[in-house]
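Hi,

Here's the structure I said I'd pass along. Have a look at it first, then read on for what turned up.

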Amino acid sequence: MVETPQYNSTILHPNFFMLTGIPGLGGAQAWLTMVFGPMYLLALMGNGALLAVVQIDSTLHQPMFLLLAILAATDLGLATSIAPGLLAVLWFGPRPVPYAACLVQMFFVHALTAVESGVLLAMACDRAVAVGRPLHYSTVVTKARVGYAALALILKAVVIVVPFPLLVARFEHFHAKTIHHAYCAHMAVVELVVGNTRVNNLYGLALSLAVSGVDILGITGSYGLIAHTVLRLPTREARAKAFGTCSSHICVILAFYVPGLFSYLTHRFGHQTVPKPVHILFSNIYLLLPPALNPLIYGARTKQIRDRILEMFTFKKSQF
């Protein structure tokens, strides 16, 4: 018997991909809209409120709050890049996504994730200067330097993430059109490729280590300097006050990196032990949980923002 060549069953440059959501759940995945829907709503309202407060209140036009505004804008973009499509797939079932739109979503998801990681590093450096050199803070950390840092983070993300869709677009044949995922993640699309994907796999691994690895090392180093400074303060009250300026940022870091590291490790090394639905579920939580939690964390733990939001609501109530 003559074997049928593999290429006979392949698809030549599909016009669209079919996103299935979270495999194995079937119709039950519609209930997940009760989880991800409120997450997205919180991300929209919370980050929108933070941006409005920072813009309206001129006293908040300081480096720390400008970095927070950049984080809020990044969170809005990151949540919006996947949430509408995710909710549509969960509620209505598998849906087609044009090939070009899939590549565009792939770019924005990975680029905005890289920007968010970079912003968290910049905020850690900001706190390190504020705690370690408080007398020089206003001259070392300026609004202009925050702007340059934001521009550098965006350019870096664009340069390092653009190869993702380009490396996928070079392939002409795919095994299937169905992506067993809720959005167009790079590796989920690469799994459908017919051909040698070694370059895609190596670049994805190198990018994860170079971006998240370097940022985590930088954040760890910044907080090492902060801890060294705080432990040398003479009184417990001074140490508590210095640590309090960093507590919100620590919570945000944990909310971003803990689900992210779990998702990454299960994807790379947990194929045999972690079911694929669990991996896909955590990959969506990783992208939507931080945008939903970050404004709540900063709104609750940052006095200036909390007071300003309360003033806005009090003023609106007094008008009625």
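A warm-up before the overview: is His13 buried, partly exposed or exposed, going by its relative accessibility? The model is a predicted one, by the way, so please read everything below in that light.

His13 comes out as partly exposed, because its relative accessibility is 32% and the partly exposed class runs between the 20% and 50% cut-offs. You'll find His13 in the loop that links strand S1 (11-12) to strand S2 (16-19). Leaving aside residues up to four places away in sequence, His13 touches Tyr99, Ala169, Phe171 and Glu172. Tyr99 is 86 residues away from His13 along the chain, yet their C-alpha atoms are separated by 8.4 Å.

Now the overall picture. The chain has 11 helices and 5 strands, and its C-alpha atoms fill a box of roughly 85 × 50 × 35 Å along the principal axes. Of the 320 residues, 44% are buried. If you take contacts between residues at least 6 apart in sequence, 81% of them join residues at least 24 apart.

On to the helices, starting with H3 (residues 99-132). H3 has 34 residues and spans 50 Å from first C-alpha to last, close to the 50 Å expected at 1.5 Å a residue. With 25 of those 34 residues buried, H3 is largely enclosed by the rest of the structure. One residue to click on there is Thr113, which sits in H3. Thr113 counts as buried because its relative accessible area is 14%, and buried means under 20%. Its contacts, again not counting residues up to four places away in sequence, are Leu78, Phe256, Tyr286 and Leu287.

Helix H8 (residues 198-231) also has 34 residues. H8 reaches 48 Å between its end C-alpha atoms, close to the expected 50 Å. The buried residues in H8 include Asn200, Gly204, Leu207, Val211 and Asp215, and further along Ile219, Ser222, Tyr223, Ile226 and Val230 are buried too.

Then there's H2 (residues 63-92), which I'd look at together with two partners.

First partner: H1 (residues 33-56). H1 and H2 pack at an angle of about 155 degrees, with their axes 9 Å apart. That angle makes H1 roughly antiparallel to H2, as anything over 145 degrees counts that way. Their crossing is left-handed. By class, the contact between H1 and H2 has 21 nonpolar, 5 polar and 1 charged residues.

Second partner: H5 (residues 143-161). The axes of H2 and H5 come within 9 Å and cross at roughly 25 degrees. The two helices are therefore roughly parallel, given that the class takes in angles under 35 degrees. Here the crossing is right-handed. On the H2 side, Pro63, Leu66, Leu67 and Ile70 make the contact, and they meet Lys143, Val146 and Ala150 of H5. By class, that contact has 6 nonpolar, no polar and 1 charged residues.

If you want a quick tour in the viewer, start at the loop with His13, move to Thr113 in H3, and finish where H2 meets H5.

Cheers

Terms used. Residues numbered from 1 in each chain as written. Predicted model: local features only at pLDDT ≥ 70, side-chain atom pairs only at ≥ 80, totals over all residues. Heavy atoms only, no water. Axes fitted to C-alpha atoms, helices over the stretch in contact; angles between N-to-C directions. Helix = DSSP H or I, 4+ residues; strand = E, 2+ residues; numbered from the N terminus. Parallel < 35°, antiparallel > 145°, perpendicular 65-115°, else oblique. Left-handed = near helix turned anticlockwise from the far one by under 90°. Contact = heavy atoms within 4.5 Å. Nonpolar A, V, L, I, M, F, W, Y, C, P; charged D, E, K, R; others polar. Expected span 1.5 Å × (residues − 1). Buried < 20%, exposed > 50% of the residue type's maximum accessible area, 1.4 Å probe, protein only.
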